[in-house]
Amino acid sequence: MKSLGILLSGRGSNFVAIADSIAAGRIPDAKIAVVIANRADAPGIATARQRGLQALVISSKGRAREEHDREVVAALKQHGVELICLAGYMRLLSPWFVQQFPRRILNIHPSLLPAFPGLEAQEQAFAYGVKISGCTVHFVDEELDHGPIIVQKPVAVLDSDDEPRLAARILEQEHIAYTEAINIVLGGTAEGGCPHMNRSHVNHSHMNLPL
Ligand code: GRF
């Protein structure tokens, strides 16, 4: 049984998608050991409590980055976390944090990276005029929205789209993509997508956690 740790700052729909996938058996042999928010008002933390999960608020307000990260990492280790999923965690991790969990931290971003990293990815996509956007799940390294890509899902930008509509369609794909990425990293089988599309250019064998 692999222990996941979720870090979030907001509504937590990706967290809920992961939790639902575990409950439905789409992510086998895994559990959410702890959910941590850096803001007390993050709706996702209330959802985690309602679901009976370990849920912590470790406020980052006014804290130096690494000092806050040390507290978060201590909590993750205390709960035996082996794989960390950033799910709308609006705080850049310090290099020290990243080094504590090499290839054990995943992030999801609402664009086809390396296009449009950072905030307002859909706004950036509109401003550039791309016809295809999407989402990316990747390993986290020391740079923002950067690191080896695990899964991407394309989403067409329609002439009738505005940012909220595009964001909603991308979010649907995010929820599918995160489950697939976790399964790839844990060595399971990705479900719900096209394995050829997701796997064609990347050899995922080196990504699996040791048994
Ligand atoms: C998602 O769009 C994710 O890609 C980005 O932040 C948003 C979080 O949404 N990193 P939610 O809190 O999971 O609903």
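**Exercise 1. Find which helices and strands each supply at least two residues of the lining of the largest pocket in this predicted model, and which one gives the largest share.**

Step 1. Start with the elements: the helices α1 (13-23), α5 (121-128) and α6 (163-186) each supply at least two lining residues, and so does the strand β5 (105-109).

Step 2. Now look for the main contributor. With five residues, α6 gives the largest share of the lining.

Step 3. Put the whole pocket together. Its volume is about 910 Å³, and 36 residues line it. Nearest the centre of the pocket you will find G88, M90, I108, H109 and P110.

Step 4. Sort the lining by class: 16 residues are nonpolar, ten are polar and ten are charged.

**Exercise 2. Work out where the ligand sits and which residues are around it.**

Step 1. Place the ligand first: the space it takes is the largest pocket, the one from the exercise above.

Step 2. List the neighbours, counting a residue if one of its heavy atoms lies within 4 Å of the ligand. They are R11, G12, S13, N14, G88, I108, H109, P110 and E174.

Step 3. Assign them to elements. Two or more residues of this shell come from α1, and two or more from β5.

Step 4. Classify the shell: two residues are nonpolar, five are polar and two are charged.

**Exercise 3. Identify the polar contacts of R11, N14 and I108 with the ligand, and say how much of the ligand the protein covers.**

Step 1. Take the side chain first. A polar side-chain atom of R11 is 2.4 Å from a ligand oxygen atom.

Step 2. Move on to the backbone. In N14, a backbone N or O atom lies 2.8 Å from an oxygen atom of the ligand. I108 also uses a polar backbone atom, which is 3.0 Å from a nitrogen atom of the ligand.

Step 3. Finish with coverage: on its own the ligand has 370 Å² of accessible area, and the protein covers 86% of it.

**Exercise 4. Inspect the loop between β5 and α5 and explain what stands out in the backbone at P114 and F116.**

Step 1. Recall the usual pattern: most peptide bonds are trans, and most residues other than glycine have a negative phi.

Step 2. Check P114, which lies in this loop. The peptide bond leading from L113 to P114 is cis, with omega near 15°.

Step 3. Check F116, found in the loop between β5 and α5 as well. F116 is not a glycine, yet its phi is positive, at about 55°.

Key:
Residues are numbered from 1 along each chain as its sequence is written. This is a predicted model: local features need pLDDT of at least 70, side-chain atom pairs count only at pLDDT 80 or more; totals for chains, interfaces and linings use all residues. Side-chain values use heavy atoms; hydrogens and water are left out. On a 1 Å grid over the protein atoms alone, a cavity is a set of points where a 1.4 Å probe fits but cannot get out, and a pocket is an open set with protein on both sides within 12 Å along at least five of seven lines; lining residues have an atom within 4 Å of a point. Grid points are joined across faces, edges and corners, and a volume is the space filled by probe spheres set on the points. Helices (H or I, at least four residues) and strands (E, at least two) are DSSP runs, numbered from the N terminus. Ala, Val, Leu, Ile, Met, Phe, Trp, Tyr, Cys and Pro count as nonpolar, Asp, Glu, Lys and Arg as charged, and the others, Gly among them, as polar. A residue is near a molecule or strand if one of its heavy atoms lies within 4 Å of it. A polar contact is a pair of N or O atoms within 3.5 Å; within protein, one must be able to donate a hydrogen and the other to accept it, and residues adjacent in sequence count only if both atoms are side-chain atoms. Accessible areas come from the Shrake-Rupley method with a 1.4 Å probe; for residues, only the protein chains shown count as cover. A molecule sits in a cavity or pocket if more than half of its atoms lie within 2 Å of its grid points.
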